[in-house]
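Trainee: I would like to go through this model and see how its descriptive terms are justified.
Mentor: Then ask about each term as we reach it.

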Amino acid sequence: AALILFHFAPETQGYYYTFWSIIALQMLFELSLPGVILTVASHEWEKLTQSSDGTIGGNERALSRLQSLARKSLAIYGGAALLCLVVIGVGGFAFFAIDDPSNHHGWQGPWIALVILSSLAFWLSPLLSLLEGCNQVQQVYRFQFSRSVVGNLVVWCAIPLGLGLWIPAILTLVRLIMEGGFLGIANRRLFSQLLARPRGEALHWNREVWPFQWRTALKSVGYYCSRHLLTPVVFH
């Protein structure tokens, strides 16, 4: 916050904070799904075990239902990520263009990059919830701590270098790289099983998940309105 105050012009500060507030609209598209994934995955994981080499064993029915949850979650998030890309990207572009149609403050390139990278990061986000539900809480929290430290160091270095409104996109790119390594390399063997086609019973989303999900999703709307909505209103 101190670096932003000393290195950003007042107009740049406004765009910087409003970028994050509009990107936070993603929480309206996820419909509290991370918490639901964690809850359902942990319920199925009770009947499963993980060996030292990372392979999953135990109840075949539970594994099949967990695989069904993983594949459906990734598909749902894929569709939601496309919606975020279109709705938030176009809507945000139109919002900023109202006050600066000629791109005098240089917001267009950074905004487009941020929306694309944030949509990709959004698509990967259910995998972390799934991993946490599979009793990898310590591993996930250790990674999130490391990601936070690295992200802050990158931002602290980028601000004095004059990268300005490109910083949110750079930070999101760092997040993508770190999550890709954590999920695709460190947990490659686990996800190769979780994302395989289920051979047994599948999870019935409409009957087993949605009745729980829509109730928790209501809180996302209230959280966004109380936490993030004020910034773009004041900016405008």
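**Terms and their grounds**

Mentor: Helices H2 and H8 are oblique to each other. Keep in mind that this is a predicted model.

Trainee: Why are H2 and H8 called oblique?

Mentor: The two helices pack at an angle of about 45°, with their axes 10 Å apart. Angles under 35 degrees count as roughly parallel and 65 to 115 as roughly perpendicular. The angle of about 45° fits neither range, nor is it over 145, so the pair is oblique.

Trainee: Which residues make the contact of H2 with H8?

Mentor: Tyr-16, Phe-19 and Trp-20 come from H2, and Ile-167, Pro-168, Leu-171 and Thr-172 from H8. By class, six are nonpolar, one is polar and none is charged.

Trainee: What makes H2 and H6 roughly parallel?

Mentor: Helix H2 covers residues 10-23 and helix H6 covers residues 108-133; they pack at an angle of about 30°, and their axes lie 11 Å apart. The cut-off for roughly parallel is under 35 degrees. About 30° is under that cut-off, so H2 and H6 are roughly parallel. The crossing of H2 with H6 is right-handed.

Trainee: Which residues of H2 and H6 make that contact?

Mentor: On the H2 side they are Phe-19, Ile-22 and Ile-23. H6 brings Pro-110, Trp-111, Leu-114, Val-115 and Ser-118. Seven of the residues in this contact are nonpolar, one is polar and none is charged. Phe-19 also takes part in the contact of H2 with H8.

Trainee: How do you know that H7 and H8 are roughly antiparallel?

Mentor: Their packing angle is about 150°, with the axes 10 Å apart. Angles over 145 degrees count as roughly antiparallel, and about 150° is over 145, so the term applies to H7 and H8. H7 passes H8 in a right-handed crossing.

Trainee: What classes of residue are found in the contact of H7 with H8?

Mentor: There are 12 nonpolar, three polar and three charged residues. The residues from H7 include Phe-143, Arg-147 and Val-150, and those from H8 include Leu-171, Arg-175 and Glu-179.

Trainee: Which residues are closest to the centre of the largest pocket?

Mentor: They are Trp-20, Gln-26, Arg-147, Arg-175 and Glu-179, out of 47 lining residues. Among these, Arg-147 of H7 and Arg-175 and Glu-179 of H8 also belong to the contact of H7 with H8. The pocket holds about 1400 Å³ of space.

Trainee: Which helix gives the most to the lining of the largest pocket?

Mentor: H7 does, with eight residues. Among the other elements that give two or more are H2, H6, helix H8 (167-186) and helix H10 (205-227). By class, the lining has 24 nonpolar, 16 polar and seven charged residues.

Trainee: What makes a space a cavity rather than a pocket?

Mentor: A cavity is where a 1.4 Å probe fits but cannot get out, whereas a pocket is an open set. The search of the whole structure finds one cavity of 30 Å³ or more. The space in the largest cavity is about 30 Å³.

Trainee: Which residues line the largest cavity?

Mentor: Ile-37, Ala-70, Ser-73, Leu-74, Pro-126, Leu-127 and Leu-130 do. Helix H5 (60-99) and H6 are the elements that give two or more of the lining residues. Six of the lining residues are nonpolar, one is polar and none is charged.

Definitions and conventions
Residues are numbered from 1 along each chain as its sequence is written. This is a predicted model: local features need pLDDT of at least 70, side-chain atom pairs count only at pLDDT 80 or more; totals for chains, interfaces and linings use all residues. Side-chain values use heavy atoms; hydrogens and water are left out. Axes are lines fitted to C-alpha atoms, for helices over the stretch in contact, and angles run from 0 to 180 degrees between N-to-C directions. Helices (H or I, at least four residues) and strands (E, at least two) are DSSP runs, numbered from the N terminus. A crossing is left-handed if the near helix is turned anticlockwise from the far one by less than a right angle, and right-handed if clockwise. Contact means heavy atoms within 4.5 Å. Ala, Val, Leu, Ile, Met, Phe, Trp, Tyr, Cys and Pro count as nonpolar, Asp, Glu, Lys and Arg as charged, and the others, Gly among them, as polar. On a 1 Å grid over the protein atoms alone, a cavity is a set of points where a 1.4 Å probe fits but cannot get out, and a pocket is an open set with protein on both sides within 12 Å along at least five of seven lines; lining residues have an atom within 4 Å of a point. Grid points are joined across faces, edges and corners, and a volume is the space filled by probe spheres set on the points.
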